[in-house]
Amino acid sequence: MLWDFVNLGDIKMTISEVSKKYELSSDTLRYYERIGLLPPVPRNQSGLRDYDTESCNWVEFIKCMRNARLPIEVLIKYVQLFRQGDETITARKDILIEQREILQNKIKDMQQTLERLDYKIKLYENEAIKICEKKLIKN
């Protein structure tokens with residue numbers, strides 16, 4: 001599935017609506033914007049955040065990357081490069097490639113841990129079976 005530039009139509013959402021939709025607190029959204037992780041969100045005439053399609057796409061992207069444990073500093077750098085324009089495409093791609101390699105290694109490590117846990121669980125299950133068998137034999 002292509003994640004970038006998800007067409008949500010012409011939307012306008014409040015911070016509470018975005019918070020609910022993406023399951024991020026309003027404080028987290030404000031923090032992400034304040035530290036430069038989220039590009040500045042358009043404001044309405046009253047000065048309140050008025051999330052549009054592009055803002056929501058950024059929120060979705062950031063949430064996805066943070067769920068994968070990409071460091072905030074790396075994502076801030078990515079956003080900074082994005083805001084500088086097309087001359088940074090190669091640098092942005094390099095960041096994504098590097099983070100993908102790191103994530104692949106983490107997945108590999110986690111898969112090994114999962115296999116080890118499965119093995120240990122089977123040992124306990126087999127031991128439980130042995131105990132039950134011994135009890136049946138004694139009766």
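Is Asp27 buried or exposed? Asp27 is exposed, at a relative accessible area of 57%. The legends below describe close-up views of a predicted model.

**View A. Arg30 and Asp27 form a salt bridge within helix α2.** The N to O distance between the two side chains is 3.0 Å. Arg30 and Asp27 stand 3 residues apart in helix α2, which means that about one helical turn separates them. Arg30 is partly exposed, with a relative accessibility of 32%, while Asp27 is exposed at 57%. The salt bridge count for the model is 4.

**View B. Glu23 is joined to Lys63 by a salt bridge.** The distance from N to O in this pair is 3.8 Å. The two residues belong to distant parts of the chain and are 40 residues apart. Glu23 sits in the loop between α1 (15–22) and α2 (26–34), and Lys63 belongs to helix α3 (residues 53–67). Glu23 has a relative accessible area of 66% and is exposed. Lys63, at 21%, is partly exposed; the limit for buried is under 20%, so Lys63 does not count as buried.

**View C. Glu33, Arg43 and Arg49 make up a network of salt bridges.** Within this network, the side chains of Glu33 and Arg43 meet at 3.8 Å, N to O. Glu33 lies in helix α2 and Arg43 in the loop between α2 and α3. These two residues are 10 residues apart, and their pairing links distant parts of the chain. Glu33 is buried, with a relative accessible area of 14%. Arg43 is partly exposed, and its relative accessible area is 43%.

**View D. Tyr31 and Tyr32 form an aromatic pair, one of 5 in the model.** The ring centres of Tyr31 and Tyr32 are 6.2 Å apart. Their planes meet at 45°, so the pair is classed as tilted. Tyr31 is partly exposed, with 35% relative accessibility. Tyr32 is buried, with 11%.

**View E. Trp58 and Phe82 form an edge-to-face pair between two helices.** The centres of the two rings are separated by 4.9 Å. The ring planes stand at 75°, and the pair is therefore edge-to-face. Trp58 comes from helix α3 and Phe82 from helix α4 (residues 72–84), so the contact ties together parts of the chain 24 residues apart in sequence. Trp58 is buried at a relative accessible area of 9%. Phe82 is partly exposed, at 29%.

**View F. Trp58 and Phe82 belong to a cluster of aromatic rings.** The other members of this cluster are Phe61 and Tyr78. Ring pairs link the four residues.

**View G. Lys21 is placed over the face of the Tyr22 ring.** The distance from Lys21 to the centre of the ring is 5.5 Å.

Notes. Residues numbered from 1 in each chain as written. Predicted model: local features only at pLDDT ≥ 70, side-chain atom pairs only at ≥ 80, totals over all residues. Heavy atoms only, no water. Helix = DSSP H or I, 4+ residues; strand = E, 2+ residues; numbered from the N terminus. Buried < 20%, exposed > 50% of the residue type's maximum accessible area, 1.4 Å probe, protein only. Phe/Tyr/Trp six-rings, centres within 6.5 Å; stacked < 30°, edge-to-face > 60°. Lys NZ or Arg CZ within 6 Å of the ring centre and 35° of its normal.
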